[in-house]
Amino acid sequence: MLFLRGISAYFVAFLVCGVVYEPCVLAWSKEGHAMTCKIAQDLLEPEAQHSVQMLLPDYVKGDLSALCVWPDQVRHWYRYRWTSPLHFIDTPDRACNFKYQRDCHDPKGVKDMCVAGAIRNFTDQLSHYHHGTSDRRYNMTEALLFLSHFMGDIHQPMHVGFTSDEGGNTVDLRWFRHKSNLHHVWDREIILTAAADYYGKDINLLQQDIQGNLTDGIWSSDLASWRECSGISSCVNKYAAESIDLACKWGYKDVESGDTLSDDYFNSRLPIVMKRIAQGGVRLAMVLNRVFGGHSLHEDSVVPI
Ligand SMILES: [Zn+2]
């Protein structure tokens with residue numbers, strides 16, 4: 001499998017300026033992705049921080065989070081249409097588990113074309129950067145942006161959802177008073193309602209709250225276990241398995257098309273959304289620190305199950 005496509009600073013600038021708008025229907029919202037990437041960047045060691053700075057275009061002034069939503073913005077462009085299946089995993093309805101060999105393929109059955117396969121692939125591409133033997137077949141800036149985005153997506157529980165409802169996208173419902181769907185509730189509605197209700201609509205304050213829980217709050221003793229990773233294949237399998245488990249226990253639970261979701265659903269699911277954003281950020285930092293620090297994430301003996 002070869003994921004190689006060029007990206008020009010012009011195209012990125014074009015998008016960042018908002019000239020082209022693509023609605024994001026299958027991803028953490030831009031807010032979720034930006035928070036994941038900000039959390040990650042704050043946890044980078046000097047070597048990884050330097051490599052990230054070198055790979056980012058100048059106009060983002062070293063801010064990875066400014067481009068973390070880029071893969072959603074280009075996925076419908078002809079040039080990047082091949083990346084569209086890489087944002088999610090469809091698992092068998094109500095199986096509530098993930099098996100790489102069974103589930104990681106695109107709708108036509110092409111192997112490795114799912115978010116777990118994409119993270120493995122782009123991690124592998126970035127591992128060529130460290131030794132100064134950068135493989136010219138790969139665009140390292142693009143690999144960094146895809147990896148950063150997909151580490152967010154794999155932690156959004158409904159990105160590892162059921163096949164027949166497209167990860168909740170076809171489960172139409174109401175979020176408080178307006179129309180939405182179950183996938184979008186997890187991508188964006190919960191985050192925006194939290195920002196409005198508790199943080200004066202300031203996403204930065206929500207993000208700071210998540211980071212506070214990491215440094216000296218409820219998750220500080222969990223950090224070491226979140227970072228545990230003996231090899232990227234087994235780790236992405238674990239992240240995807242966590243997501244479908246949460247999707248079953250919290251996402252789909254007691255929800256049917258036509259329902260109205262409000263306070264009860266919001267209050268019980270918000271802590272999960274915050275934790276998954278935090279985990280995505282911590283684990284993205286772990287992978288970037290390893291690949292740019294020269295520590296391999298390859299497994300020789302682990303075969304994806
Ligand atoms: Zn996405």
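Begin by selecting helices H6 and H7 in this predicted model, where Val 115, Ala 118, Ile 119, Phe 122, Thr 123, Gln 125 and Leu 126 of H6 meet Met 140, Ala 143, Leu 144, Phe 146, Leu 147, Phe 150, Met 151 and Asp 153 of H7. If you colour this contact by residue class, 12 of its residues are nonpolar, 2 are polar and 1 is charged. With the fitted axes drawn, those of H6 and H7 (residues 140-153) come within 9 Å and cross at roughly 145°, and the crossing is left-handed.

Keep Val 115 and Ile 119 selected and add Ala 116 and Leu 288, since these four are the residues with the most contacts inside the largest nonpolar core, which has 73 residues. The largest share of that core, 12 residues, is contributed by H12. Centre the view on Leu 288 and, leaving aside residues up to four places away in sequence, you will find that it touches Ala 40, Leu 44, Ala 48 and Val 52. As a general background to such a core, nonpolar side chains in soluble globular proteins tend to be buried together.

Next select H11, residues 232-251, and show the buried positions, which are Ile 232, Ser 233, Cys 235, Val 236, Tyr 239, Ala 240, Ser 243, Ile 244, Leu 246, Ala 247 and Gly 251. In reading the spacing of such a list, it helps to recall that an α-helix has 3.6 residues a turn, so residues three or four places apart point the same way. What covers the buried residues of H11 includes strand E1 (89-91), helix H6 (115-127), strand E2 (160-162), helix H8 (182-198) and helix H12 (263-292).

Just before H11, pick Ser 230, which is placed in the loop between helix H10 (223-227) and H11. Is Ser 230 buried or exposed? Ser 230 is exposed, because only 10 other C-beta atoms lie within 10 Å, and the cut-off for an exposed residue is 12 or fewer. Add Leu 297 to the selection: Ser 230 and Leu 297 are 67 residues apart in sequence, yet their C-alpha atoms are 6.8 Å apart in space.

Now turn to the open sheet of 3 strands, whose order is E4-E3-E5 and whose pairing is mixed. Strand E4 (178-181) and strand E5 (260-261) stand at the edges with a single partner strand each, so one side of each is left without a neighbour in the sheet. Strand E3 (residues 172-175) pairs with E5 in the parallel sense over 2 bridges, and Trp 175 has Leu 261 in E5 as its bridge partner. Bring H8 back into view, as it packs on the sheet and touches E3, E4 and E5, with its direction making about 100° with that of E4.

Two loop residues deserve a look at their backbone torsions, given that most residues other than glycine have a negative phi. Glu 166, in the loop between E2 and E3, has a positive phi of about 55° although it is not a glycine, and Glu 166 is partly exposed, with 18 other C-beta atoms within 10 Å. Lys 201, in the loop between H8 and helix H9 (203-216), likewise has a positive phi, near 65°, and Lys 201 counts as exposed with 11 C-beta neighbours inside 10 Å.

Finally, zoom out to the whole protein, which has 12 helices and 5 strands and in which 44% of the 305 residues count as buried. Among its contacts between residues at least 6 apart in sequence, 76% join residues at least 24 apart.

Notes
Residues numbered from 1 in each chain as written. Predicted model: local features only at pLDDT ≥ 70, side-chain atom pairs only at ≥ 80, totals over all residues. Buried ≥ 20, exposed ≤ 12 C-beta atoms within 10 Å, placed from the backbone. Helix = DSSP H or I, 4+ residues; strand = E, 2+ residues; numbered from the N terminus. Contact = placed C-beta atoms within 7 Å. Core = buried A, V, L, I, M, F, W, Y, C linked by C-beta atoms within 7 Å. Pairing = 2+ DSSP bridges. Axes fitted to C-alpha atoms, helices over the stretch in contact; angles between N-to-C directions. Left-handed = near helix turned anticlockwise from the far one by under 90°. Nonpolar A, V, L, I, M, F, W, Y, C, P; charged D, E, K, R; others polar.
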